[in-house]
Amino acid sequence: MRRRKGNLTAAALTIALTTAALTACGGSTGKEKAQTTSASESTTAKAEETTEAKGAESAGKYYAADATAKDIVEDAAKKGKVGNWGLGNEYEVQALLSKYGQETGFLSQAFDMDGFDDDSILLASAMTYNELGLVENSYQGGYGYGDSVKFIDMNDEGVAMLEDNIFTTKEFAKANPNTVKAFVRASMKGWEYACANPEEAAKIVFEAGSSVSSDHQAYMAEEVKKLVETDTKGNKVVDLGKLDDEALQQTLDLAKKYIKLNDSAAAEKLQTLTLDDFRDASYWTDAMSDATLGAPEKTDVSIQLKWLPQAQFMGYYVAAAKGYYKDAGLNVTITPGGGDIGETTAVNSGQVDFGVTWDANLIAANAGGMNLVAVSQVYQRSGLVLVYKINK
């Protein structure tokens, strides 16, 4: 059994921020959390019934290298050993479980991979750029499983939901169109450079005060590059940051099916939302054209991240380090996430001008009464996978 040697992963704050966003917009409440807890306890009890003697070698803990996703999902689900952090990250997992005819309950997964390591979770949630790297690698914080693990990709399974975008309020965008376009243009220039030079980008983020080791940062940069340059169908992205309506519609459809809002008005509004209610591609289109942009209406702006400095956000740090924001006439403050900061709430309240969030968060926030709009879609595919051990 491999034991982790480093700090907790960044998932804890990612989930905390998602929770804050949903709570602020009439989403996840104490009652809903209680319902989730109850479901988790039921699933946990089921898992305990099937758990084998500690340390015993059994095919029940590992899967054949050529096992199908259907077989793995069905087996892990029936044993009650599918794990997820919940609180906003579970929708793709629930969609996958539904696809294979399984109940949508799951084990409450801690913000590390110890449950996967000790076999209490057979099919564990992981982000390709974070937890998956910790499971596979032996550097600081890693578990060192190497090629003895495989994973199920949400994109390949047709249940992907889009993640990191750039958003602002509709009011800010309308009042400051040149600022929005200048910010998007400079940011995407930063992302383009970062993806072309991931090793350098990782160093820039690390020097900005990274929350993870330099080795893990370098791993993250390479994996984030894939999310930016490849779409949900595995095609190369030609136009970085473009809002892909087909992928966004899939995200919206899954959000309507799996997001549960206790506030009846918010729940009703969620079902009526369309793409036009949370995205506007015109700013990205103008920003990425060859046209000269007008002078920014507001030059001092800020962007709220979901977490501490890491390669997940490398494009913004590169844009700042390379002077792209300055060249666009902007003085940009990059505000790391942390604590109880919710990016949708921070932007909606005017504490910051821009934010980075998952589209499901934006959808839930607008259903709850916020008036936010995505102006660029940085990640073009989902980074969520379910990792499992294989027989070697």
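Biologist: What makes the meeting of the D286 and K181 side chains a salt bridge?

Modeller: Keep in mind that we're looking at a predicted model. In it, the N-to-O distance between D286 and K181 is 3.0 Å. The cut-off is 4 Å between a side-chain nitrogen of Lys or Arg and a carboxyl oxygen of Asp or Glu, so this pair counts.

Biologist: What makes you say that D286 and K181 tie together parts far along the sequence, and how many residues apart are they?

Modeller: D286 sits in helix α13 (residues 282-287) and K181 in helix α8, so the pair ties together parts that are 105 residues apart in sequence.

Biologist: Why does D286 count as partly exposed, and why does K181 count as buried?

Modeller: D286 has a relative accessibility of 32%. Partly exposed runs between the 20% limit for buried and the 50% limit for exposed, so that label fits. K181 comes out at 15%, and buried means under 20%, so K181 gets the other label.

Biologist: How do you know that R381 forms a salt bridge with D153?

Modeller: Their closest N and O atoms are 3.4 Å apart, which is within the 4 Å limit, so the pair passes. R381 is in the loop between β9 (372-377) and β10 (384-389), while D153 is in strand β4 (residues 149-153), so this bridge ties together parts 228 residues apart in sequence. Both partners are buried.

Biologist: What about K322 and E200: how far apart are the closest N and O atoms of their salt bridge?

Modeller: For K322 and E200 that distance is 2.7 Å; the limit is 4 Å, so we call it a salt bridge. This pair also links distant parts of the chain, with K322 in the loop between α14 (314-321) and α15 (324-327) and E200 in helix α9 (residues 198-207), 122 residues apart. K322 has a relative accessible area of 33% and E200 one of 28%. Both values lie between 20% and 50%, so both residues are partly exposed.

Biologist: What joins K61, D119 and K389 into one network?

Modeller: Salt bridges that share partners. The search of the whole structure turned up 15 salt bridges.

Biologist: Let's go inside. Which residues touch the most other members of the largest nonpolar core?

Modeller: W191, M314 and Y316, out of 120 residues in that core. Helix α8 (residues 177-196) gives the most to it, nine residues. Y316 has plenty of contacts further along the chain, among them I166, W191, L305 and V378. As background, nonpolar side chains in soluble globular proteins tend to be buried together.

Biologist: Why is A160 called buried?

Modeller: Its relative accessible area is 2%, and the cut-off is under 20%, so A160 qualifies. A160 is in the loop between β4 and β5 (165-169). Beyond its sequence neighbours, A160 is in contact with several residues, including E92, M154, T232 and S382. The C-alpha atoms of A160 and L248 are 9.7 Å apart, with their positions 88 residues apart along the chain.

Biologist: And what makes Q94 buried?

Modeller: Q94 has a relative accessible area of 12%, and that is under 20%, so the word applies. Q94 lies in helix α4 (residues 91-99), and it touches T104, F106 and Y258, leaving out residues up to four places away.

Biologist: What makes β2 (107-108) and β4 the edge strands?

Modeller: Each of them pairs on one side only. The open sheet has five strands in the order β2-β1-β3-β10-β4, with mixed pairing. Inside it, β3 (residues 123-127) and β10 pair in the antiparallel sense over four bridges. Two bridges are enough to call strands paired, so four will do. S125 has L386 of β10 as its bridge partner. Helix α4 packs on the sheet, and its direction makes about 60 degrees with that of β10.

Biologist: At what angle do α8 and α9 pack?

Modeller: About 115 degrees, with their axes 5 Å apart. The contact is made by Y193, A194, C195 and A196 of α8 and P198, E200 and A201 of α9.

Biologist: How do the residues of the contact of α8 with α9 divide?

Modeller: Six are nonpolar, none polar and one charged. Glu counts as charged, so E200 is the charged one.

Methods. Residues are numbered from 1 along each chain as its sequence is written. This is a predicted model: local features need pLDDT of at least 70, side-chain atom pairs count only at pLDDT 80 or more; totals for chains, interfaces and linings use all residues. Side-chain values use heavy atoms; hydrogens and water are left out. A nonpolar core is a set of buried Ala, Val, Leu, Ile, Met, Phe, Trp, Tyr and Cys residues joined through side-chain atoms within 4.5 Å. Buried means under 20% relative accessible area, exposed over 50%, partly exposed in between (1.4 Å probe, protein chains only). Contact means heavy atoms within 4.5 Å. Axes are lines fitted to C-alpha atoms, for helices over the stretch in contact, and angles run from 0 to 180 degrees between N-to-C directions.
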